[in-house]
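Me: I'm new to this structure and would love a friendly close look at one part of it. Could you start from a single residue and then walk me outward from there?

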Amino acid sequence: MPRHLFYFVCAVVLVALFGSTGTSPSRAESANHPLSAGTSFELIDAVNVLRVSYGLTPYIVNSILMETAQAQADFMAATGDVTHSGPDGIGLTDRLLAAGYPLAGDLSAGGFRAENITSGTESGTAQSVVDSWTGDALHLNTMISPNLSEIGAGVAVANGRVYYVIDCALPITDGLPQSSTSVAGSGSTALSQGERISIPVISTPNSDGDIIHEVQPGQSLWQIAIVYEVTIDDIKRLNNLFDNNIYPGYKLLIKRNVILPTALPSELSATESDATSTTVLVSPTPNLLPTVTIIYDSPSAAAFRDNSVIGVVMGIIALGLLGGVVFAWLGSRKKTDN
């Protein structure tokens with residue numbers, strides 16, 4: 001075989017090999033990753049840029065408001081409704097108080113707070129959301145109110161829709177929640193004067209694999225359900241509750257038969273590994289649920305795996321072709337030499 005023809009065949013084989021393994025995963029990855037919506041902090045940045053343009057001080061990010069805004073965004077995404085009412089019809093003021101925010105103002109009139117909500121497509125941006133709110137007087141006032149000083153934002157995505165929330169409020173100067181005997185419609189516990197509302201902390205499973213949560217002052221069923229990623233109905237069913245009323249000291253069963261993670265062999269001490277009965281050590285992690293790793297194929301991962309298999313097959317075929325070409329070339333040289 002002529003040498004230039006041999007090099008040409010090799011080049012074609014190599015181009016086909018790299019072309020089949022290098023470009024397909026990229027196409028699969030881009031096809032399965034839609035445009036990302038704006039984040040909660042991008043939303044806050046856009047609001048603060050607007051405030052500065054009006055000569056106002058930027059809002060201060062508050063962690064409790066971040067929690068309430070994200071919880072409302074998650075609730076809207078779960079129900080598909082764009083609403084200011086949370087689970088059980090709980091309103092903004094009650095949600096802020098239940099989360100422990102030290103809201104200023106007359107609570108009977110709602111206090112100093114405001115909330116903007118909307119939804120859109122995944123191709124939208126945080127700036128486009130703020131622009132849409134700017135066109136309405138009430139929504140604009142939430143963003144440029146001189147009477148409010150703190151902000152939280154939440155973004156959630158479900159079924160191709162993005163749900164946006166900003167909660168803006170003014171705290172009282174001493175940082176303590178105001179006196180409140182109840183939170184209407186929330187199923188939350190009562191607070192005494194000056195008592196802080198406790199944010200639910202996730203409990204670890206007991207030896208039976210059950211997760212038990214002890215209710216603290218100011219906590220509500222909807223708040224506990226969101227933290228543990230269960231529904232209010234799940235909690236009520238497991239605890240035989242007929243309404244949403246809970247009280248401090250209640251021990252609520254949240255989940256049953258949670259599988260505890262098994263420690264790796266390296267986590268066993270030398271003494272225990274030499275013992276007749278092996279004890280598996282699990283390093284305690286305060287206030288965190290055990291991490292259960294679930295292996296699954298996302299569309300992009302499956303496409304990448306399939307293309308990898310195709311690449312291996314193409315590689316084998318390419319090597320076979322190359323070997324055949326070399327063998328034929330050596331045979332032709334031998335005949336020429338003879």
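In which loop does Thr 173 lie?

Reply: Happy to help! One thing to know at the start is that this is a predicted model. Thr 173 sits in the loop that runs between strand 4 (161–169) and strand 5 (211–214). Its relative accessible area is 88%, and exposed means over 50%, so Thr 173 counts as exposed. Although Thr 173 and Leu 103 are 70 residues apart along the chain, their C-alpha atoms are separated by 9.6 Å.

Now let's step to helix 5, which covers residues 92–99. Here the picture is one of cover: eight of its eight residues are buried. They are Leu 92, Thr 93, Asp 94, Arg 95, Leu 96, Leu 97, Ala 98 and Ala 99. What do these buried residues pack against? Their partners are helix 4 (63–79), strand 2 (113–121), helix 8 (221–228) and strand 4, the strand at one side of the Thr 173 loop. Just after helix 5 comes Gly 100, with a positive phi near 95°.

Strand 4 also leads us to the largest nonpolar core, since it is among the elements that give two or more residues to it. That core has 23 residues, and those touching the most other members are Leu 43, Met 143 and Ile 166. Besides strand 4, helix 3, helix 6, helix 7 (137–144) and strand 3 (150–158) each supply two or more residues. Helix 3 provides the largest share, five residues.

Leu 43 is a good place to pause. Leaving aside residues up to four places away in sequence, Leu 43 touches Ala 126, Val 129, Val 130, Trp 133, Ala 153, Tyr 164, Val 165 and Ile 166. A second, separate core has 18 residues, including Leu 221, Ile 224, Ile 235 and Ile 246.

Finally, let's see how helix 3 (residues 40–53) meets helix 6 (residues 126–134): their axes come within 8 Å and cross at roughly 45°. That angle makes helix 3 oblique to helix 6, and the crossing is right-handed. On the helix 3 side, the contact is made by Glu 42, Leu 43, Ala 46, Val 47 and Leu 50. Helix 6 answers with Ala 126, Gln 127, Val 129, Val 130, Trp 133 and Thr 134. Sorted by class, this contact has eight nonpolar, two polar and one charged residues.

Definitions and conventions. Residues numbered from 1 in each chain as written. Predicted model: local features only at pLDDT ≥ 70, side-chain atom pairs only at ≥ 80, totals over all residues. Heavy atoms only, no water. Helix = DSSP H or I, 4+ residues; strand = E, 2+ residues; numbered from the N terminus. Buried < 20%, exposed > 50% of the residue type's maximum accessible area, 1.4 Å probe, protein only. Contact = heavy atoms within 4.5 Å. Axes fitted to C-alpha atoms, helices over the stretch in contact; angles between N-to-C directions. Parallel < 35°, antiparallel > 145°, perpendicular 65-115°, else oblique. Left-handed = near helix turned anticlockwise from the far one by under 90°. Nonpolar A, V, L, I, M, F, W, Y, C, P; charged D, E, K, R; others polar. Core = buried A, V, L, I, M, F, W, Y, C linked by side-chain atoms within 4.5 Å.
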